[in-house]
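Visitor: Please take me through one part of this model in close detail. I would like to see how the strands pair and what packs around them.

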Amino acid sequence: MTSRVYLVAPAGSASLRQARFYDGGGPIDDAGAESARAAAGSLPSAARVLLSPGVRCRETAEALGLDGTVVPELAGLDVGRWRGRALDEVGAAEPEAVGRWLTDPDCAPHGGETVTGFCARVGDLLSGGVFPDGRTVAVVEPEVVRAVVVQVLGAPEAAFWRLDVPPLTVTELSGRSGRWNLRLGRPPHPAGAAPAP
């Protein structure tokens, strides 16, 4: 049987708009909650719903009408001492460190995870049975979606920062025996609308 996974990026939030480093993902904003509520019922029924542990993922799932299980391994990239700070702020204070971090996936000047390590962590989930046969909906941080795409395509980790994951979009995976196919970034459909084939 084939596994089919629907990775849903969280709805909009102040931390996303302000380009703040992952800190558990503050709450979604009113517009994000409204968009998620409008999309409630648009995702296929699933045998399981999984969540990144951040607040914005849990609130997005709730607004979508989903009751899920938090999976700690689906947490966003650990950015160490940069956690919760704005990219502009850190870039002004540590321009060389930010530059290295954005170009070298093995660099972690913040003291947290490297992009390479993070992609490997997410890759282990893809091969480790977190997404068994049948359908899974997973509301996950945008960087988890990026890491999945890098791993599934066998792309170099340097490609991680070249991928944009807009709020409340769905990236679909389907596969069997460790081989995954991708369908990228469709928006969820308002309740009652027919999904794209």
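Guide: What follows starts at the strand pairing and moves outward to the cores and the pocket. Keep in mind that the model is predicted.

Start with strand 2, residues 48-51. Strand 2 pairs with strand 4, residues 134-139, in the parallel sense over 4 bridges. Within that pairing, L50 has A138 as its bridge partner in strand 4. Strand 2 also pairs with strand 3, residues 69-70. That pairing is parallel too, over 2 bridges. Here L51 has V70 as its bridge partner in strand 3. Between strand 2 and strand 3 the chain runs through helix 3, residues 55-63. This β-α-β crossover is right-handed.

Now look at L74. L74 touches both L50 and L51 of strand 2. Its other contacts include S52, P53, R121, L125, F131, V140 and V144. L74 is among the residues with the most contacts inside the largest nonpolar core, as are L7, W82, F131, V148 and L173. That core has 33 residues. Strand 1 (3-8), helix 5 (95-103), helix 6 (115-127) and helix 7 (142-153) each supply at least two of them. A second, separate core has 18 residues, including Y6, A39, A61 and L64.

Helix 7 leads on to the largest pocket. Of the helices, helix 1 (14-17), helix 5 and helix 7 each give at least two residues to its lining. Helix 7 gives the most, with 3 residues. The space in this pocket is about 570 Å³. Its lining has 23 residues, and the closest to the centre are A19, R20, E143, R146 and W161.

Conventions
Residues are numbered from 1 along each chain as its sequence is written. This is a predicted model: local features need pLDDT of at least 70, side-chain atom pairs count only at pLDDT 80 or more; totals for chains, interfaces and linings use all residues. Side-chain values use heavy atoms; hydrogens and water are left out. Two strands pair if DSSP finds at least two bridges between them. A crossover is right-handed if, with the strands pointing away from the viewer, the path from the first strand over the helix to the second runs clockwise. A nonpolar core is a set of buried Ala, Val, Leu, Ile, Met, Phe, Trp, Tyr and Cys residues joined through side-chain atoms within 4.5 Å. Buried means under 20% relative accessible area, exposed over 50%, partly exposed in between (1.4 Å probe, protein chains only). Contact means heavy atoms within 4.5 Å. On a 1 Å grid over the protein atoms alone, a cavity is a set of points where a 1.4 Å probe fits but cannot get out, and a pocket is an open set with protein on both sides within 12 Å along at least five of seven lines; lining residues have an atom within 4 Å of a point. Grid points are joined across faces, edges and corners, and a volume is the space filled by probe spheres set on the points. Lists of a residue's contacts leave out its neighbours within four places in sequence.
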